[in-house]
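New to this one? Have a look at the chain first, and then we'll walk through a few spots together.

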Amino acid sequence: MILKEILVDLGDNSYKICIGTGILEKIGDSLKNLDIGKKCVIITNPIVNQLYGDKVVKSLKKNNFRTVVLEVPDGEKHKSLDDAKILYDKLLANNVDRKSCVLALGGGVIGDLAGFVAATYARGIPFVQVPTTLLAQVDSSVGGKVAVNHPAVKNGIGAFYQPKLVWIDIDTLGTLPDREFKSGIAEVIKYAMIADSKLFYYLKRNISKLKQHDKKVLSNIISESCRIKKDIVEQDEKENNLRMILNYGHTFGHAIENISNYQLRHGEAVALGMICAAEVSEKIGELNKEIANEQENLIRLVGLNTSIKQKTTTKEIIEKMEHDKKKIDDKLRLVLPKSIGMVTIKDDVSKKTLRTVLKKRLIVPSVNKNKERKQLDVTKKSRFNICVCISENDQKEVLSSIEKAVQNGAGLVELRLDLIKNNLDLRAIIKGCKVPVIVTDRKNKENLIHGIEAGCDYIDIELEVDNKIRGEIVKKAKKHGCKVIISMHDYHMTPSYSKLLQIMHQEKNAGADIGKIVTMANSIEDCQILLDLLIESKKIGFPILLFAMGDLGRFTRVIAPMIGSKFVYASIKDEVESGQFSISNLNSIYNELTL
Ligand SMILES: NC(=O)c1ccc[n+]([C@@H]2O[C@H](COP(=O)([O-])OP(=O)(O)OC[C@H]3O[C@@H](n4cnc5c(N)ncnc54)[C@H](O)[C@@H]3O)[C@@H](O)[C@H]2O)c1
């Protein structure tokens, strides 16, 4: 069903943006009404093709289009002239002529690349945008900027080339990884900051609903963003002046994105860029500190980073910014906020101001700097990690237990400070440990701070801990690049699914990185609840460490890694009690299962 239609009025280059749910399968009906030929080349990537390619092809065929599907490998690095050349070759090989149409099916990378190819092949052939990421739906598919990257400059080679139609099916966001979804929200904040304070406060009020993909909220923010972009593009199609404001956050952002070697998502870099731009604005007296804070808080609420964690220097960032296309007459032009919904353009910001602002935002975690130990990346598709709990008597015993556990294959070590009796040299233990370390203390929360300062990788803090204390510890952890595990304990029974789900969303939104559930599984239903929760946690990108007890709980722990959980707990002892595993038990089970 189409929920909203917006006309981008650019004379001969006008086109409609259609926003709806379940409309992907109707794309053919809409295309047949456009003045384009009967051959349609779908440019996409393997991920999106597998998810949505068939639906689009089917709908086109139903409307008598001949279709060719061309896949480009996934990733920003393929938004390149080399990949454009491969596409030109394939278009020629498929006899694509000037009447044929290119349909970009994917995120901003595909949209920009396919648009660039359509703009340049045979001096321009019609193209249609079918964006499938939030970022592409609110931003890159609208306005006709198409480009490939130059190794030195992001979007360095490109054109203004308007699509014939933008077809936005909100349902495609259902499969989008959470990190990509949040990255898209950054661009919505950008629109709110440059042009619409109402949108800003709407976002703020509805952020939880948005993060749960509420369709009404999604359709509102997508249509509002498209409307703002359309208004600006209609006044200044080729970025002679007004359109520049759409680059808010992008001069800093592109530099940071480039330095991260495109490991940062575009929206993540733009969010950092907006924070820096607001701080510059505050420093030169154009913006109130409260407004800068308000923007930063919203960015944080989304779950986006607010500090630059790349290995870089202020000098390198400024040099990259100076390379950016927005530099005109050798002057660096910055879009800076004046209030929520209003920006100004400045080309006289001193390097000293830029340096001061960047310095504050650049975080190189000091204690972790020289760590050589393996880092866990729970977002990657890798083998799970066996986690062991260390609670020996003293430093010597702790060290030898860790060594033995790691030799046996443990991938993560939890130090239970409340159970270790004698004083420890935490810093030395953590520094010498070859695998990541979790610090836990169920009694004295001060010890968590010691753990963070000593360079631990994770702290485990219970759900029940007072919000104020929790907030301080979490803040400290984030500052030191330490991840936060929020743990929930019910030793008697598995809580209900709805309760667990609610806690999981609530804690993720509050900034926790990982959830831990320590519970007793008494029935098959309890196991089902825990496994369902793991599946859901994977969908929303919030890893769960499951410590279910009892014989049935033990069963769920074996299953957990098979459905994507990155952790499984084992005892460091070889002889274990009923309901427990030793590391070797687990290794042999998983070797049998060839996991
Ligand atoms: N032209 C413009 O005006 C403009 C504006 C903003 C950004 N951009 C460009 O957009 C690009 C970033 O776009 P992006 O953030 O969409 O990144 P992207 O295109 O790389 O997509 C992000 C990831 O999501 C996957 N994906 C896409 N749709 C999916 C779906 N529905 N379900 C599951 N996975 C899906 C992709 O395969 C990819 O791995 C950058 O190159 C940026 O420069 C252009």
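What follows is a short tour of some charged side chains and one helix.

Keep in mind that this is a predicted model.

Let's start with helix H14, which covers residues 351-361. Tucked away here are Thr353, Leu354, Val357, Leu358 and Arg361, which are buried. Looking down the axis of H14, you'd see these buried residues fall within an arc of 125 degrees, so they line one face of the helix. The general reason is simple enough: an α-helix has 3.6 residues a turn, so residues three or four places apart point the same way. And what sits on the face of H14 turned away from the buried side? That face carries the exposed residues Lys352, Lys359 and Lys360.

Arg361 brings us to the salt bridges. A search of the whole structure turns up 40 of them. Here are three:

| Acidic partner | Basic partner | Closest N to O distance |
|---|---|---|
| Glu279 | Arg361 | 2.6 Å |
| Glu414 | Lys516 | 3.3 Å |
| Glu462 | Lys445 | 2.8 Å |

Take the pair of Glu279 and Arg361, joined by a salt bridge. Glu279 belongs to helix H11 (residues 266-283) and Arg361 to helix H14, so this bridge links distant parts of the chain, 82 residues apart. Both Glu279 and Arg361 are buried.

Next come Glu414 and Lys516, whose side chains meet in a salt bridge. Glu414 lies in strand E15 (residues 412-416) and Lys516 in strand E19 (residues 514-520), so the pair ties together parts that are 102 residues apart in sequence. Glu414 and Lys516 are both buried, too.

Then there's the salt bridge between Glu462 and Lys445. Glu462 is in strand E17 (residues 458-462), while Lys445 is in the loop between strand E16 (437-440) and helix H17 (446-453), and the two are 17 residues apart. Are they buried or exposed? Glu462 has a relative accessible area of 7%, so it counts as buried. Lys445 is buried as well, because its relative accessible area is 14%, under the 20% cut-off.

These last two pairs also belong to something wider: Glu414, Arg442, Lys445, Asp460, Glu462 and Lys516 are linked in a network of salt bridges.

Finally, a stop on the surface. Which residues gather there in a patch of positive charge? They are Lys26, Lys32, Lys38 and Lys62. Lys32 is found in the loop between helix H1 (27-31) and strand E3 (39-44). Its relative accessibility is 44%, so Lys32 counts as partly exposed.

Conventions. Residues are numbered from 1 along each chain as its sequence is written. This is a predicted model: local features need pLDDT of at least 70, side-chain atom pairs count only at pLDDT 80 or more; totals for chains, interfaces and linings use all residues. Side-chain values use heavy atoms; hydrogens and water are left out. Patches are made of residues with over 30% relative accessible area and no salt bridge: like charges are joined within 9 Å, nonpolar side chains (Val, Leu, Ile, Met, Phe, Trp, Tyr) within 5 Å. Accessible areas come from the Shrake-Rupley method with a 1.4 Å probe; for residues, only the protein chains shown count as cover. A salt bridge is a side-chain nitrogen of Lys or Arg within 4 Å of a carboxyl oxygen of Asp or Glu. Lys and Arg count as positive and Asp and Glu as negative; His and the chain ends are not counted. The place of a charge is taken as NZ of Lys, CZ of Arg, CG of Asp or CD of Glu. Helices (H or I, at least four residues) and strands (E, at least two) are DSSP runs, numbered from the N terminus. Buried means under 20% relative accessible area, exposed over 50%, partly exposed in between (1.4 Å probe, protein chains only). The arc is that of the directions from the helix axis to the C-beta atoms.
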